[in-house]
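Trainee: Could we go through this structure together? I would like to know what stands behind each term.

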Amino acid sequence: MTNIELIRLIGDVIIKIDVRRCMLDRENKDRKLLDDIRDELDTYQRKLVRNGIEAGTERFKEHTESLKQVNEELDRTSKEIKKTAQQLETIAKFVDIVGKIVETAIPVLV
Amino acid sequence: MSNIFKNRKTRNVHKLLCLMLPTLLLVGCVNTAAYREPITRFQEASAVVIEGVRVECGLANKRERNAEIDRLVARREKIYTRYSDDKEMLLFKEEKCIFSGKALAARMNALDALDKHGRLLLALASSDAPTKAKDAANLLGDAVKGLASSLEGEKNSAFKNTSEGFMKIAAEVIELVLNGDIRQALDRAVILSEGDVLVLSNLIKEDMIRLYERQRVVLNDPRVSAITEYNDEVEKPNPSIERLQKLASEIKKTEDTWDSLPLTVGATQSAFDAMDQAHRQLACYAKSSKNPQDLEGLTEAIDTFITRAKVVADAIKTIRGVKE
């Protein structure tokens, strides 16, 4: 996965979260949780766009492979509205992996 | 007697030169004349596309700032100001921006160098080349110095290598122009720049893709906020129809902004692809024996580039007409 593909994947998941957010009232607890998750992923994506990232490392490849699997799981659970709790868990996993990629990555100066 | 003979011989040589010189000049002019139209069109299209990138890069930080303000409004959160090292009041940390001051300067200077390169080719291909060419080469040299200084301290900057490439072009062209070899200067400027223009173009395209992906996310949050406000009002026991209409107008506005997303960013990427192809064809022509058939591929590539540059020009007009 390239730097751009990672940025795009994070964007795709943020949009999925946004679709979910629209279905919930502002004061709903799941909505508030999704708002916070969205902000976190938004910050990570901005960091990747701003700093660039060394995409060739083994660690990067491992993390992005995990990310693809989690994204597939998210696609499965998002089709069923009743699986909100499971979806939230999957999203949390996704954010965790993205965080690891961004916090431990070697920035490429552009 | 020998003096008369010598003078007659000298007069004959002079006559011969006077007859040959226009022909020689004409041959030189025909070669740069064939270049003139494609290079003029290439430079005009390049200027538009480069301006498109300048607009996008210039707006990137502003959009992030506005998105952050909208986010705080939607979350009903406070704005906390801070005091910067430059003794200014800032709303947000620099990390909230897409481009740091240095990164933005590097991009603007790289675009300036690309623009000056196009103008150099135009100056070399124009009918009064010797006068303008040296000045244009010096301007390219200055633009490259600006780029190099904005990249000081950036060891691994992807833009750094292209500045060295353009510097070599400026230096070699100046030397050829001073020696009066305009046609060679033009060929060399095109051929030498082939690699650097492609590298720079790829860097800019990647930037545009990243900005596009970022914009998808930035522009989606206001849509969510507008829809949430509307749905909140609908859920009330007696929703106000006036308020619903007002909120619906907000939704339409955010949707219009969302729809305009692919405009400049998408159009610029496509235009840079066409620019690459056009420049490659220019380089092929520079290396060729410059027969009329050598010009066909170049003309076609330039036509495609012009078409795509027009889309960028329209997108810039739209963006400037929309309040950011």
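Mentor: Happily; we will take the terms in turn and set values against definitions. This is a predicted model, in which local features need pLDDT of at least 70 and side-chain atom pairs count only at pLDDT 80 or more, while totals for chains, interfaces and linings use all residues. Residues are numbered from 1 along each chain as its sequence is written, chains are lettered from A and ligands numbered from 1 in the order in which they are written, and side-chain values use heavy atoms, with hydrogens and water left out.

Trainee: Why is B:Cys57 not counted in a disulfide with B:Cys97?

Mentor: A disulfide is a pair of cysteine sulfur atoms within 2.5 Å. The closest cysteine sulfur to that of B:Cys57 is in B:Cys97, 13 Å away, so the two are too far apart for a bond. Over all chains, the structure holds 0 disulfides.

Trainee: What makes B:Cys57 buried and B:Cys284 partly exposed?

Mentor: Buried means under 20% relative accessible area, exposed over 50%, and partly exposed in between (1.4 Å probe, protein chains only). B:Cys57 has 1%, so it is called buried. B:Cys284 has 47%, so it is partly exposed. In chain B, buried residues make up 43% of the 324 residues.

Trainee: How do you know that A:Gln45 is buried, and what is it in contact with?

Mentor: The relative accessible area of A:Gln45 is 0%, so the residue is buried. Contact means heavy atoms within 4.5 Å. Leaving aside neighbours within four places in sequence, the contacts of A:Gln45 include A:Ile7 and A:Ile10, as well as B:Glu213, B:Arg214 and B:Val217. A:Gln45 lies in helix α2 (residues 29–51) of chain A; helices (H or I, at least four residues) and strands (E, at least two) are DSSP runs, numbered from the N terminus.

Trainee: What makes B:Asp232 and A:Arg26 a salt bridge?

Mentor: The rule asks for a side-chain nitrogen of Lys or Arg within 4 Å of a carboxyl oxygen of Asp or Glu. Between B:Asp232 and A:Arg26 the N to O distance is 3.6 Å, so the pair meets the rule. Across the interface of chain A and chain B, 10 salt bridges are found.

Trainee: How is the size of that interface given, and what is the value?

Mentor: Buried area is the accessible area (1.4 Å probe) that two parts lose on being put together, summed over both. For chain A and chain B that is about 2800 Å², with 48% of it on carbon and sulfur atoms. The contact takes 24 residues from chain A and 36 residues from chain B.
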